[in-house]
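Biologist: I should like to learn how to read a model of this kind, feature by feature. Where should we begin?

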Amino acid sequence: MDPLLALAITLAAILTPVTLGYAGLCWVKPFTTCRRCAGTGRTTTRVLRRPRACRRCDRGLRLRAGRWIYNQFARLHRESTR
Ligand SMILES: [Zn+2]
């Protein structure tokens with residue numbers, strides 16, 4: 001067997017379940033907890049440690065990157081086929 005073919009089969013066998021698993025996760029649970037505020041929705045300022053609303057998320061939840069990409073393509077398809 002060609003070593004490059006074996007490498008390609010091995011890579012595909014590893015990457016396909018990971019990709020499909022992440023796609024399924026983005027489909028089932030499109031939102032994840034924000035890493036900046038750990039899901040609280042509030043952070044503290046750097047200088048005075050004053051509490052303020054987190055700027056990266058909406059109430060502690062963020063859209064997953066895979067779902068954001070899917071939404072962009074879905075919107076592009078919807079607007080181009082109207
Ligand atoms: Zn946040």
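Modeller: Let us begin with a helix and its surroundings. Of the 26 residues of α1, the number buried is one, so this helix lies largely in the open. Please keep in mind throughout that the model is predicted.

Biologist: What must hold for a residue to be called buried?

Modeller: A residue is buried if 20 or more other C-beta atoms lie within 10 Å of its own. Helix α2 may be read in the same manner: zero of its 16 residues are buried, so α2 too lies largely in the open. Over the protein chain, buried residues make up 4% of the 82 residues.

Biologist: How many helices and strands does the protein chain have, and in what order do they run?

Modeller: There are two helices and four strands. Read from the N terminus, their order is α-β-β-β-β-α.

Biologist: What span should α1 have at 1.5 Å a residue?

Modeller: The expected span for the 26 residues of α1 is 38 Å, and the end C-alpha atoms of α1 are 38 Å apart, which agrees. For α2, residues 65-80, the expected span is 22 Å, and the end C-alpha atoms are 23 Å apart, again in agreement.

Biologist: At what angle do α1 and α2 pack?

Modeller: Helix α1, residues 3-28, packs with α2 at an angle of about 75 degrees, and the axes are 8 Å apart. That makes α1 roughly perpendicular to α2. On the α1 side the contact is made by Y22, A23 and C26, and on the α2 side by G66, R67 and Y70. By class, four of these residues are nonpolar, one is polar and one is charged.

Biologist: What can be said of the overall form of the protein chain?

Modeller: One may set the radius of gyration against that of a compact globule. For 82 residues such a globule would have a value near 12 Å, but the protein chain has 20 Å. Its C-alpha trace spans about 65 × 40 × 20 Å along the principal axes. As to contacts with a separation of 6 or more, residues 24 or more positions apart account for 40% of them.

Biologist: Which residues could illustrate positions far apart in sequence?

Modeller: Consider G60, in the loop between β3 and β4. G60 and T33 are 27 residues apart in sequence, while their C-alpha atoms are 5.7 Å apart in space. Leaving aside residues up to four places away in sequence, G60 touches T33, C34, C37, G39, T40 and G41. With 17 C-beta neighbours inside 10 Å, G60 counts as partly exposed. A further pair is K29 and R67, which are 38 residues apart in sequence and 9.2 Å apart from C-alpha to C-alpha. K29 is in the loop between α1 and β1.

Biologist: Is K29 buried or exposed?

Modeller: K29 counts as exposed, with 10 C-beta neighbours inside 10 Å.

Biologist: How should I read the backbone angle phi?

Modeller: Most residues other than glycine have a negative phi. A38, although not a glycine, has a positive phi of about 55 degrees. A38 lies in the loop between β1 and β2, and A38 is exposed, with 12 other C-beta atoms within 10 Å. R49, also a residue other than glycine, has a positive phi near 60 degrees.

Biologist: Where is R49 found?

Modeller: R49 is in the loop between β2 and β3. With 8 other C-beta atoms within 10 Å, R49 is exposed.

Key. Residues numbered from 1 in each chain as written. Predicted model: local features only at pLDDT ≥ 70, side-chain atom pairs only at ≥ 80, totals over all residues. Rg over C-alpha atoms; globule rule 2.2 N^0.38 Å. Contact = placed C-beta atoms within 7 Å. Expected span 1.5 Å × (residues − 1). Axes fitted to C-alpha atoms, helices over the stretch in contact; angles between N-to-C directions. Parallel < 35°, antiparallel > 145°, perpendicular 65-115°, else oblique. Nonpolar A, V, L, I, M, F, W, Y, C, P; charged D, E, K, R; others polar.
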